[in-house]
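Q: Please explain the terms used to describe this structure, and show how each one is justified.

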Amino acid sequence: MQFRAFEKGIEVNGTTVFAVVDGIGAFKSLAKKYLLEAGIGTEKNGEYVIDLNGWYSHENWLKAFQNIARDIGDSVLKEIGMKIPENAQFPPWVQDIDSAIKSIDVAYHMNHRKDGKVLFDITTGKMFEGIGHYGYERVKDEHKIISACRNPYPCAFDEGIIKSMAKKFEAKAVVHHDNTKPCRKNGAESCTYIITW
Ligand SMILES: [Zn+2]
C-alpha cells in the first residue's frame, strides 16, 4: 500500500526533503504548502526552511506525498522521482546501469533512520530493515533488469527514480511498470519495473 509506513519510528533526512522540494519545479510553492501542512519543515519570514542536517517524520512525509498525489496527480510524483538522482551524490562504485540500479536501495537506506539509527552503515556496509527495498535482478544474457520495489513510496515516484538512474548510464533505457504483477496503487506492498536497453 503506497503512503503507509511499514514501521513506527522511521525518519527521512533533510537532504532528501530538500531534493524533493528543489526538484518539484513549477509545483514548488504548492509542494511547500503540502509539506508545511504535514509538519515537514517550517516557515520563517515567508521562506520555507528545511534543516539539511535534520530528520523528519517518515509518516508525515508520506502523508504529504499522498496529498500531492490526490490533488496534483501521478505525473508530478514521477517528475519528482526523476529529479532525485539528478541532485544526489553517488559512491564511486556506481559506474554502469547495473550498479546504478543496485545503488538505489543503498541510497534509500542511507537517507532514512529508525529509532535514531541510520539504516545503512557506510563503514561496515551493513543494511538494516524497516523501510522495505528497491530490488535488483539482472536477466542473464539480456539487457534487462527487473526491479521489484517493496516500499511505502508511491508507484509513479519509484518509476521516476528508476528511469532517471537507468538513463544516467544507458541513454536508450526504457522502464515499464510490469502490469502482470501487483501494484501499490491497488493496495499491494510492491510494484515491479522492467528496465531494458
Ligand atoms: Zn505500481
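A: A residue is called buried if 20 or more other C-beta atoms lie within 10 Å of its own. The model discussed here is predicted.

Q: What makes helix α5 a mostly covered helix?
A: Of the 14 residues of α5, 11 are buried. Among them are I97, A100, I101, S103 and I104. The buried residues also include D105, V106, A107, Y108, H109 and M110.

Q: How do you know what span helix α5 is expected to have, and how does its actual reach compare?
A: The expected span of a helix is 1.5 Å times one less than its number of residues. Helix α5, residues 97-110, reaches 20 Å from its first C-alpha to its last, which is close to the 20 Å expected.

Q: Where is the kink in α5 centred?
A: The kink is centred on S103 and amounts to about 30°. The angle is taken between axes fitted to the seven residues ending at a residue and the seven starting there. S103 is also one of the buried residues of α5.

Q: Why is C149 called buried?
A: C149 has 24 other C-beta atoms within 10 Å. The cut-off is 20 or more, so C149 counts as buried.

Q: Which residues does C149 touch, apart from those up to four places away in sequence?
A: C149 touches Y134, G135, D158, S190, C191 and Y193. Contact requires C-beta atoms within 7 Å. C149 and C191 are 42 residues apart in sequence, yet 5.4 Å apart in space from C-alpha to C-alpha.

Q: What makes the side chains of β11 an alternating row?
A: I145, S147 and C149 point to one face and are buried, whereas K144, I146, A148 and R150 point to the other face and are not buried. C149 lies in this strand, which covers residues 144-150.

Q: How do you know that β11 and β13 are paired strands?
A: Two strands pair if at least two bridges are found between them. Between β11 and β13 (residues 191-196) there are 6 bridges, in the antiparallel sense. C149 stands opposite C191 in β13.

Q: Which bridges join β9 and β10 to β11?
A: Strand β9 (residues 133-134) is joined to β11 by 2 bridges and runs antiparallel to it; H133 has R150 as its bridge partner. Strand β10 (residues 137-138) is also joined to β11 by 2 bridges, again antiparallel, and E137 is partnered by I146. The strands β10 and β11 form a hairpin with 5 residues between them, and D141 in the turn has a positive phi of about 60°.

Q: What makes β4 and β6 edge strands?
A: The open sheet has 4 strands in the order β4-β1-β5-β6, with antiparallel pairing. The strands β4 (55-57) and β6 (117-118) each pair on one side only. On that side β4 meets β1 (residues 10-13) through 3 bridges, and V12 has Y56 as its bridge partner in β4. Helix α3 (residues 58-71) packs on the sheet, touching β1, β4 and β5, and its direction makes about 65° with that of β4.

Q: How many helices and strands does the whole protein contain, and why is it called as compact as a globular protein of its length?
A: The protein has 6 helices and 13 strands. Its radius of gyration is 16 Å, close to the 16 Å that the globule rule gives for 197 residues, so it is as compact as a globular protein of that length. Buried residues make up 39% of the 197 residues.

Note on methods. Residues numbered from 1 in each chain as written. Predicted model: local features only at pLDDT ≥ 70, side-chain atom pairs only at ≥ 80, totals over all residues. Rg over C-alpha atoms; globule rule 2.2 N^0.38 Å. Buried ≥ 20, exposed ≤ 12 C-beta atoms within 10 Å, placed from the backbone. Contact = placed C-beta atoms within 7 Å. Axes fitted to C-alpha atoms, helices over the stretch in contact; angles between N-to-C directions.
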